[in-house]
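Here are some exercises to work through with the sequence and the model side by side. Try each one yourself before reading its solution.

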Amino acid sequence: MTRIVVVGSINMDLVTLAPRFPGPGETLTGDRFLTIPGGKGANQAVAAARLGASVAMVGCVGDDAFGKQLYDGLVAEGIDVRHVARIDGIGSGTASITVAGGENNIVVVPAANGRVTPAQVEAARGLIRGADAVLVQLEIPLDAVEATLRIAREEGAPVILNPAPAQRLPVEWLSHVRFLTPNQHELATVLGAEGESDFRELMRRAPCPVVLTRGEDGAWFRDRDDEPRHQPGFKVDAVDSTGAGDTFNAALAVHLAEGLDMAVRKACAAAAIAVSRLGAQDGMPRADELAAFLEAHR
């Protein structure tokens, strides 16, 4: 069984379905409101667990009702939560999401996610040592991200860094990453090349292998000195893109041992299933669903 450690955020998604996105100062009547467990870290953990991996989570929730619900939800998915801390006197992270026409707008309030510390990551060193892959994103403090990269390097565990929300990162951090998994905007921001329109050239300039997500176009990927290669996307009827990138990252990590080409193909397929369903974690496929989807799209 593939062993995955996820270091990252845990949120409650407050989802409003609307006929369209409101303009500045405009009030719309929505179609539906949902509370759905989310956060890029928790999403990736749940997606990896559903695809058959043994998953451990490192993160924080608050001492509010959302915190208990989020913690219990991870337990229900079979995720190891020994390193998920409940922080007294602070709320859990939230993401206010409006979904319209299969796209989304998101405002994130980190709250307890801002309390993830290097010491907490250090306490999970034993899990990182035995991991087949470590997943980390940028919805937690950067010193905790840096600690994750450093400890994983020391323990020989490959890191998949999903640089979202986008921000520029030190070159030395990137040089220790097994794969960077941005979209085009995130890659340009990470490299300090905002305005650069040639994503293939950006991939060549990156100091680490890159798997670039391109929405319905699928993904482009480059391992070390290879030229960028393309994995086309799978055509589906998009319902909600929330969590699709997290599903992609999880599937990439789970299937990496099968070779990069196959891992990227399976990651694109898993993300396609996710966008065809409502909700981030609610839309994430299980291993048998992914296998059936790939069989139908050979």
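The exercises below deal with helix packing, a pocket and some local backbone features. The model is predicted: local features need pLDDT of at least 70, side-chain atom pairs count only at pLDDT 80 or more, and totals for chains, interfaces and linings use all residues. Numbering starts from 1 along each chain as its sequence is written, and side-chain values use heavy atoms, with hydrogens and water left out.

**Exercise 1.** Work out how helix α9 is oriented against helix α10, and list the residues that meet.

*Solution.* Start with the elements: helices (H or I, at least four residues) and strands (E, at least two) are DSSP runs, numbered from the N terminus. Helix α9 covers residues 244–254 and helix α10 residues 260–275; their axes come within 8 Å and cross at roughly 150 degrees. Axes here are lines fitted to C-alpha atoms, for helices over the stretch in contact, and angles run from 0 to 180 degrees between N-to-C directions. Next, classify the angle: under 35 degrees counts as roughly parallel, over 145 as roughly antiparallel, 65 to 115 as roughly perpendicular and the rest as oblique. α9 and α10 are therefore roughly antiparallel. Finally, look for contacts (heavy atoms within 4.5 Å). From α9, Ala-244, Thr-247, Phe-248, Ala-251 and Leu-252 meet residues of α10, including Leu-260, Ala-263, Val-264 and Lys-266. By class, this contact has 13 nonpolar, 1 polar and 1 charged residues. In these classes, Ala, Val, Leu, Ile, Met, Phe, Trp, Tyr, Cys and Pro count as nonpolar, Asp, Glu, Lys and Arg as charged, and the others, Gly among them, as polar.

**Exercise 2.** Repeat the analysis for α1 with α9 and for α10 with α11.

*Solution.* Take α1 and α9: their axes come within 8 Å and cross at roughly 50 degrees. The pair is therefore oblique. Lys-40, Asn-43, Gln-44, Ala-47 and Ala-48 of α1 make the contact with Asp-246, Thr-247, Asn-249, Ala-250 and Val-254 of α9. That contact has 4 nonpolar, 4 polar and 2 charged residues.

Now move to helix α11 (residues 287–296), which packs with α10 at an angle of about 105 degrees, the axes being 10 Å apart. These two helices are therefore roughly perpendicular. On the α11 side, Glu-289, Leu-290, Phe-293 and Leu-294 take part. The residues of the contact of α10 with α11 divide into 7 nonpolar, no polar and 3 charged.

**Exercise 3.** Which element gives the largest share of the lining of the largest pocket?

*Solution.* First the space itself: the largest pocket holds about 1,100 Å³. Of its 42 lining residues, Ser-241, Thr-242, Gly-243, Ala-244 and Gly-245 are the closest to its centre. Elements that give two or more residues to the lining are β2 (11–17), α1 (40–50), β6 (93–100), β7 (103–109), α9 and α10. The largest share, 5 residues, comes from α9. By class the lining has 17 nonpolar, 16 polar and 9 charged residues. For the method, on a 1 Å grid over the protein atoms alone, a pocket is an open set of points where a 1.4 Å probe fits, with protein on both sides within 12 Å along at least five of seven lines; lining residues have an atom within 4 Å of a point. Grid points are joined across faces, edges and corners, and the volume is the space filled by probe spheres set on the points.

**Exercise 4.** Where do Pro-165 and Ala-111 lie, and what marks their backbone?

*Solution.* Pro-165 sits in the loop between β9 (159–161) and α6 (171–174). A cis peptide bond joins Ala-164 to Pro-165, with omega about -5 degrees. Ala-111 belongs to the loop between β7 and α3 (118–123), and its phi is near 50 degrees, a positive value in a residue other than glycine.
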